[in-house]
Amino acid sequence: MNWSAFGLSLEVTLVATTLLFVAGLGIALTLARYRLPGQLVIETIINLPLVLPPSVIGYFLLIALGADSPVVEWFGLRLLFTWPAAALASAVVGLPLMVQAARAAISGVDPALENAARTLGSSEAEVLWRVTLPLARRGILAGLILGSARALGEFGATLMIAGNIPQRTQTMPLAIYDAVQAQRYSDANVMVLVMTLLGFISLWFVRRLEPPRGQYHISQTGADT
Amino acid sequence: MQQSRLRVCVEKQLAAFKLSVEFEVGTEILVLFGPSGAGKTQTLNAIAGLATPDAGEITLDGVTFFRSDTDQPINIPARKRGVGYVFQHYALFPHLTAMENIAYSLWRKPEAHKHALDLLRRMHLAPLAFRYPHQLSGGQQQRVAIARALAAEPKVLLMDEPFSALDRAIRESLHKDIRSLQMESELIVIYVTHNLDDALAVGHRLALVSDGCVQQTGSPTDVLRRPASRESLRILGVRNVFEAKVIALTEKELCLDWQGLLIKASAQQAEVGEVVTLYIRPEMISVTSADRFPDRQSLYNKIIGRVTGCLIGQHHRTLTVRLQNECEVEVYLPGLADDSSSLSDGEEIELALPRDSVNVLSEKSAFHPVSSRQRNSRA
């Protein structure tokens, strides 16, 4: 078991999850609430990491974070081949999962409930905080867990922009690859088991989040349709 | 009693028709009654601030909620209008208990808890305070919804089909509650329904709405007794509506040519030669036989017809009779076991039609005239 890789993976996933929550929730809210010009294009771009090879995502991120990019020129942030780059790559691949689940959950909140809150004196921010988000919380949490699990398993894009430097940017998936290359199978076995277990727990938890039947059922038996 | 007044005048183009309503409400219960899709809910949404009209003005005691046709348009957001709204399917917050639902609008106030408890007791909900909406029956959910709307102490309470999904007994007790709540809090209540029984049970005043327009307003008794137009008759579901031509008019009576059948009615507003709408309430017609014809024959029209159907209802039987002029009338026979229960299809019977129950609606005397051409263009 490569403990430094395990620790690094946790660190990367934690940062990626934070990014996912903030950016993903913001994007999901915007998409659920507003009709933006070019909405379909924006949605498609967010979903692209689901179908693109990790090397392509890695290549885009290389350009975005490379020597001539605004990130370096304006902010002086040299992220390439550091662990924050790994966190960013992980967040990007996890984003579509988070956005899709959160957006569906937010759109699924009955607009009548939000209207009721408005007539009861709530501002839009209060409606969001006291009605929309609490009612969408299962979906948001499910999206976050799926996104984090995907971030934890990120391999290709990370390899391209953070490299595979032991102790510094080598996360678990990369360490497994190294272990197999070096025929350290006992090492690889433990790490594979840990990764599989984490994946299993994540998916099991997401499944548990699906609301029990009938809990949020609101009577729709009125004669006026 | 008439301290507060809400004035509503809104226009809004909707997908199927144009909403164009104008009315005033004081501290009373105004019922907006009409068929589904007449624009009643849209009207409530405009008052609450949940929908923006294209034009018009909404004011409450001099405070303008909405105004379009000035240099400075006004549109106060829903949260600042202080209008309580009871939604059609209650719209209780499913993640909050009954108590938390009621206290929703009070969360920043220190006395919230006590106030919410008072309301719970008032609405007979105290034992259910910690239940979630899905653990409550329809009637209980409705009580929570009303209490929640009242917690914010609104001057205006809007109710959209509040009891459409509830049993008769629960409706009756809720109607009583609404009436007394309205009195105690001096509320302006606008109550939307498409159920006439509800409308009559709860309303101080009735407004008939169809195709986005208010067709007639008045006390429930007045509106029921004197529908002002053919459209009002249609909204109220009045039976036996026909057309007839006025052939003579004296101080005492009106002679009508009812598609070939000559009948007399008591004197009403109309003009000779005019084609009028004629309606006869089914409960006013009686079945007679030669020996049992009512005494003062001059007050009745005697008509012969053939039975074409008989339907058993809760309070009466409905007999369909085809008259000699090929018009089919409905007749309500009181009770269930009466000797005329032996009436069978095709049997020829004689009907007694009191002159003073032959009602005539002259377009010229109409309160809110609505020509059929206008109606068609809106439909």
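Is B:Glu184 buried or exposed? I looked this up to begin my notes, and B:Glu184 counts as exposed, at 54% relative accessibility. Before going further I wrote down that this is a predicted model, so that I keep in mind where every value comes from.

**Entry 1: the partner of B:Glu184**

I followed the side chain of B:Glu184 and found that it meets the side chain of B:Arg122 in a salt bridge, with 2.9 Å from N to O. I then looked up where the two residues sit: B:Arg122 belongs to helix α3 (residues 112-122) of chain B and B:Glu184 to helix α5 (residues 168-185) of chain B, so the pair ties together parts that are 62 residues apart in sequence. I also checked the cover on B:Arg122, which counts as partly exposed at 28% relative accessibility. For my own understanding I added that side chains of opposite charge can pair when their charged atoms come close.

**Entry 2: salt bridges elsewhere**

How many salt bridges does the structure hold over all chains? I noted 27 of them, and I picked out a few to describe.

In chain A, I found the side chains of A:Glu43 and A:Arg103 meeting in a salt bridge at 2.9 Å, N to O. A:Glu43 is part of helix α2 (residues 39-47) of chain A, while A:Arg103 is part of helix α5 (residues 83-107) of chain A, so this pair ties together parts that lie 60 residues apart in sequence. I recorded A:Arg103 as partly exposed, since its relative accessible area is 24%.

Back in chain B, I looked at B:Arg234 and B:Glu231, whose side chains meet in a salt bridge of 2.8 Å, N to O. Both residues lie in helix α8 (residues 230-236) of chain B, and they stand three residues apart, about one turn of the helix. I checked B:Glu231 as well, and at 1% relative accessibility it counts as buried. I then noted that salt bridges with shared partners join B:Arg5, B:Arg7 and B:Glu24 into one network.

**Entry 3: where chain A touches chain B**

I turned to the interface and wrote down that the contact takes 27 residues from chain A and 26 residues from chain B. Between them, chain A and chain B bury about 2500 Å², and 63% of that area is on carbon and sulfur atoms. How many salt bridges does the rule find across the interface of chain A and chain B? I had to write zero, although the rule does find five residue pairs in polar contact across this interface.

I next asked which elements of chain A take part, and those that give two or more residues to the side touching chain B are α6 (111-119) and α7 (124-152) of chain A. The largest share of that side, seven residues, comes from α6(A). Sorted by class, the side of chain A that touches chain B has eleven nonpolar, eleven polar and five charged residues.

**Entry 4: chain A as a whole**

I counted the elements of chain A as ten helices and zero strands. Along its principal axes, the C-alpha trace of chain A spans about 70 × 45 × 30 Å. Of its 225 residues, 43% count as buried, and chain A exposes about 12000 Å², with carbon and sulfur atoms supplying 67% of it. I also looked at the contacts in chain A with a separation of 6 or more, and residues 24 or more positions apart account for 73% of them.

**Entry 5: buried residues in loops of chain B**

Which residue makes a polar contact with the side chain of B:Ser362? I found that it is B:Glu274, through its side chain, at 2.8 Å. B:Glu274 sits in the loop between β14 (261-266) and β15 (275-280) of chain B, and with a relative accessible area of 7% it is buried.

I then noted B:Tyr90, whose phi is near 70°, a positive value in a residue other than glycine. B:Tyr90 has its place in the loop between β7 (83-86) and α2 (98-102) of chain B, and at 2% relative accessibility it counts as buried.

My last note is on B:Glu161, which has a positive phi of about 40° although it is not a glycine. I located B:Glu161 in the loop between β8 (156-160) and α5 of chain B, and I recorded it as buried, at 2% relative accessibility.

Conventions. Residues numbered from 1 in each chain as written. Chains lettered and ligands numbered in written order. Predicted model: local features only at pLDDT ≥ 70, side-chain atom pairs only at ≥ 80, totals over all residues. Heavy atoms only, no water. Salt bridge = Lys/Arg side-chain N within 4 Å of Asp/Glu carboxyl O. Helix = DSSP H or I, 4+ residues; strand = E, 2+ residues; numbered from the N terminus. Buried < 20%, exposed > 50% of the residue type's maximum accessible area, 1.4 Å probe, protein only. Contact = heavy atoms within 4.5 Å. Buried area = accessible area lost by both parts, 1.4 Å probe. Polar contact = N/O pair within 3.5 Å; in protein donor to acceptor, adjacent residues only side chain to side chain. Nonpolar A, V, L, I, M, F, W, Y, C, P; charged D, E, K, R; others polar. Areas by Shrake-Rupley, 256 points an atom, 1.4 Å probe, with all protein chains shown as cover.
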